[in-house]
Amino acid sequence: MRHLLALAALALTAGCAAAPPDPSADRAADASAATPEYDAAAVRALGVTEAELAPGWHVTRMQPGQNDISSPPETADIPACQPVLDALTPSKGAAGPLAETDLDIAREGDDRASLYTAVLAFRPGRAAAVHTGIDRVLDHCRAFTSTAGRHLLTRLDTPTPEGADAATAFTLTNESDGTTIAQRALVTRTGDVLAVFTTLDATGHPAPEPDAGVVRAQLAKLGR
């Protein structure tokens with residue numbers, strides 16, 4: 001289940017990396033001289049810690065690359081939906097993040113509250129373009145099939161949380177062999193950093209909303 005959460009988060013960078021930049025990305029690039037450089041250590045430091053969360057939460061830092069998959073990419077029967085499936089393999093090209101940190105955040109005694117959080121730092125302007133690409137996929141893709149089964153993609157109305165410049169939320173379900181796996185994602189952008197919060201349900205129920213306290217704590221750390 002954690003593996004699937006990781007794939008959903010990585011989808012947001014790899015699948016939409018080819019989206020053309022928008023005007024906001026150009027403006028951000030003009031301000032690149034004031035933008036901090038992100039390396040692996042700097043981005044690890046951006047991840048929320050247990051000390052910054054309410055009691056009962058536990059944070060496990062995941063090793064970069066452990067969620068990669070080597071199986072051939074699946075093909076969507078609707079080309080506009082292909083970025084969702086392309087996202088199942090992390091982007092290795094220049095359009096991907098400069099660095100990322102992946103966190104498995106669980107609350108003791110409440111498995112449904114657990115969520116996967118990915119913090120991804122991009123070159124100036126790229127995070128805005130990636131976020132725009134996510135919106136474009138959601139605007140054109142609703143239902144499609146692949147070798148993995150039947151998929152349903154639904155945009156969710158969501159306010160932009162405090163500490164974020166933009167936010168998008170959606171659910172993605174996979175129906176195969178009588179089993180339904182539901183994932184829910186909240187994608188936020190703070191400057192040149194995306195924070196992706198993902199939950200999962202494999203019992204036939206909707207995936208829960210990412211815990212608001214965890215989201216607030218992570219965005220507050222990005223804004224420092």
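In this predicted model, R107 comes out as partly exposed, because its relative accessibility is 29%. D110 is in much the same spot on the scale: at 27% relative accessibility, D110 also counts as partly exposed. These two residues pair up in a salt bridge, with 2.7 Å between the closest N and O atoms. The pairing does not stop there, since salt bridges with shared partners join R107, D110 and D211 into one network. In total, the structure holds seven salt bridges.

Another of these bridges brings R112 together with D201, and here the closest N and O atoms sit 2.6 Å apart. R112 belongs to strand β3 (residues 110-121) and D201 to strand β8 (residues 193-201), so this pair links distant parts of the chain, 89 residues apart. The two ends differ in their surroundings: R112 is partly exposed because its relative accessibility is 41%, whereas D201, at 4%, counts as buried. With the cut-off for buried set at under 20% relative accessible area, D201 qualifies because of its 4% value.

A third bridge joins D139 to R155, the closest N and O atoms being 2.7 Å apart. D139 lies in helix α5 (residues 126-140) and R155 in strand β5 (residues 149-156), so the bridge ties together parts that are 16 residues apart in sequence. Both ends are partly exposed, D139 with a relative accessibility of 45% and R155 with a relative accessible area of 32%.

Helix α5 deserves a few words of its own. Its 15 residues reach 21 Å from the first C-alpha to the last, close to the 21 Å expected at 1.5 Å a residue. Eleven of those 15 residues are buried, so α5 is largely enclosed by the rest of the structure. The buried set takes in R126, A127, A128, A129, V130, H131, T132, G133, I134, V137 and L138.

Just past α5 comes one end of a disulfide. C141 is bonded to C81, their sulfur atoms 2.1 Å apart, and the count for the structure comes to one disulfide. C81 is in the loop between β1 (57-62) and α4 (82-86), while C141 is in the loop between α5 and β4 (143-146); the pair links distant parts of the chain, 60 residues apart. The link is right-handed, with 115° about the S-S bond. Both cysteines, C81 and C141, are buried.

Now for the nonpolar interior. The largest nonpolar core has 26 residues, and L53, W57, I105, V193 and L222 have the most contacts inside it. Strands β1, β2 (99-107), β3, β6 (166-176) and β8, along with helix α6 (212-222), each supply at least two residues of this core. Helix α6 gives the most, with five residues. Apart from this core lies another, of 21 residues, which includes A127, F144, F170 and V187. A127 is also one of the buried residues of α5.

W57 also shows how the core and the charged network meet. Leaving out residues up to four places away in sequence, W57 touches E50, I105, A106, R107, A113, L115, D211 and V214. Among these neighbours are R107 and D211, two members of the salt-bridge network that also includes D110.

Strand β3 carries Y116, which counts as buried because its relative accessible area is 0%. P210 is 94 residues away from Y116 in sequence, but their C-alpha atoms are 9.0 Å apart in space.

As for the chain as a whole, the fold is built from six helices and eight strands. From the N terminus on, the elements run α-α-α-β-α-β-β-α-β-β-β-β-β-α. Of the 224 residues, 49% count as buried. Taking contacts between residues at least 6 apart in sequence, 65% join residues at least 24 apart. The chain exposes about 10,600 Å², and carbon and sulfur atoms supply 54% of that area.

Terms used: Residues are numbered from 1 along each chain as its sequence is written. This is a predicted model: local features need pLDDT of at least 70, side-chain atom pairs count only at pLDDT 80 or more; totals for chains, interfaces and linings use all residues. Side-chain values use heavy atoms; hydrogens and water are left out. A salt bridge is a side-chain nitrogen of Lys or Arg within 4 Å of a carboxyl oxygen of Asp or Glu. Buried means under 20% relative accessible area, exposed over 50%, partly exposed in between (1.4 Å probe, protein chains only). Helices (H or I, at least four residues) and strands (E, at least two) are DSSP runs, numbered from the N terminus. The expected span of a helix is 1.5 Å times one less than its number of residues. Contact means heavy atoms within 4.5 Å. Accessible areas come from the Shrake-Rupley method with a 1.4 Å probe; for residues, only the protein chains shown count as cover. A disulfide is a pair of cysteine sulfur atoms within 2.5 Å. A nonpolar core is a set of buried Ala, Val, Leu, Ile, Met, Phe, Trp, Tyr and Cys residues joined through side-chain atoms within 4.5 Å.
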